[in-house]
Amino acid sequence: MTTPIKKFQVTFDCAEPVRLAHFWCEVLGYVMKPPPEGFADWDAYTRSLPPDERPTAFACTDPSGEGPRVLFMKVPEGKVVKNRVHLDVRVGTGLVGEERLAVLEAECVRLEALGAVRGTLLKADGVNESCQAMQDIEGNEFCLD
């Protein structure tokens, strides 16, 4: 008997769910649902609520419906160790050598402007192609692949 394919979401524990959701929407080309009527953005809505009623989670989705939903859940503790799971953002698929490096570099520069931090560039080794290690605005590791 075969196990049916399951839909899943990726969940990030974080300090600022709305801010991190905005960042990852830019990285992935995902979208956030619009804020409630009468509010220019989610930050304005959140600020309008008493502290004990502010959202503790926020999601963004693939507008095509293909990719998993990404949920950002507020937790009291900060990040203290390296992620055991991370996202590989596929920007250089099918590219090799200098062409791949140029695409990785361009995306790295774009994401640094959003607050991401550049990590180690892992150069092609004859088995694996080059990829760029990164950290998001809360220090979560991911790779440009």
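Leaving aside residues up to four places away in sequence, T46 touches V18, R54 and P55. The model is a predicted one, and the points below look at T46 and then at helix α1, which includes V18 among its buried residues.

**T46 and its surroundings**
- T46 lies in helix α2, which covers residues 42–48.
- With a relative accessibility of 16%, T46 counts as buried, because the cut-off for that word is under 20%.

**Helix α1 by itself**
- The twelve residues of α1 should span 16 Å at 1.5 Å a residue, and this agrees with its end C-alpha atoms, which are 16 Å apart.
- Buried residues in α1 are P17, V18, L20, A21, F23, W24, C25 and V27.
- After α1 comes G29, and the phi angle of G29 is positive, near 75 degrees.

**How α1 packs against α3**
- Two packed helices are described by the angle between their axes and by the distance between those axes.
- For helix α1 (residues 17–28) and helix α3 (residues 97–113), the axes come within 11 Å and cross at roughly 160 degrees.
- That angle makes α1 roughly antiparallel to α3, since angles over 145 degrees are counted in this way.
- The crossing in which α1 passes α3 is right-handed.
- On the α1 side, F23, E26 and V27 take part in the contact, and they meet E107, R110 and L111 on the α3 side.
- Sorted by character, the residues of this contact between α1 and α3 comprise three nonpolar and three charged ones, with no polar residue.
- F23 and V27, which belong to this contact, are also among the buried residues of α1.

Technical notes: Residues are numbered from 1 along each chain as its sequence is written. This is a predicted model: local features need pLDDT of at least 70, side-chain atom pairs count only at pLDDT 80 or more; totals for chains, interfaces and linings use all residues. Side-chain values use heavy atoms; hydrogens and water are left out. Axes are lines fitted to C-alpha atoms, for helices over the stretch in contact, and angles run from 0 to 180 degrees between N-to-C directions. Helices (H or I, at least four residues) and strands (E, at least two) are DSSP runs, numbered from the N terminus. Angles under 35 degrees count as roughly parallel, over 145 as roughly antiparallel, 65 to 115 as roughly perpendicular and the rest as oblique. A crossing is left-handed if the near helix is turned anticlockwise from the far one by less than a right angle, and right-handed if clockwise. Contact means heavy atoms within 4.5 Å. Ala, Val, Leu, Ile, Met, Phe, Trp, Tyr, Cys and Pro count as nonpolar, Asp, Glu, Lys and Arg as charged, and the others, Gly among them, as polar. The expected span of a helix is 1.5 Å times one less than its number of residues. Buried means under 20% relative accessible area, exposed over 50%, partly exposed in between (1.4 Å probe, protein chains only).
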